[in-house]
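Q: I am new to this structure and would like a close look at a single part of it, taken slowly and with the terms explained.

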Amino acid sequence: VELTEKELLNVFERFGVKRIWPKGEKFNPNYHQAIAEVPGTGQPAGIVVDVVQAGYLIGDRLLRAAMVAVARGDAVVSGAGLDTTA
């Protein structure tokens, strides 16, 4: 199965079809479809933390958007003002 996938990707590449795998990149609504927002990842808001389904481009045209999970970028809560003596 892996060899078949590799050969298919090679054929795609010969015809100008490129795979989009945006993990770690900033979310771009022109190329990515957000299907989940993940809290507590330690990443800034809008960074792709997981790719569920790869996307594809042919030249500059989008064939299929990559389905991704995006970091929520939760605000860091500081300990200032909290009473820790109780």
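In which strand is His-32 found, and what surrounds that part?

A: This is a predicted model, in which local features need pLDDT of at least 70 and side-chain atom pairs count only at pLDDT 80 or more, while totals for chains, interfaces and linings use all residues. Residues are numbered from 1 along each chain as its sequence is written, and side-chain values use heavy atoms, with hydrogens and water left out.

His-32 is found in strand 2, which covers residues 32-38; strands (E, at least two residues) and helices (H or I, at least four) are DSSP runs numbered from the N terminus. With a relative accessible area of 7%, His-32 is buried, a word that here means under 20%, against over 50% for exposed and partly exposed in between, using a 1.4 Å probe and protein chains only. Leaving aside neighbours within four places in sequence, His-32 is in contact (heavy atoms within 4.5 Å) with Ile-20, Pro-22, Lys-26, Phe-27, Val-48, Ala-65, Ala-66 and Val-68.

Strand 2 also belongs to an open sheet of 3 strands in the order 2-6-3, with mixed pairing, where two strands pair if DSSP finds at least two bridges between them. Strand 2 and strand 3 (48-53) are the edge strands, each pairing on one side only. Strand 3 pairs with strand 6 (residues 66-71) in the antiparallel sense over 4 bridges, and Val-51 has Val-68, in strand 6, as its bridge partner; Val-68 is also one of the residues in contact with His-32.
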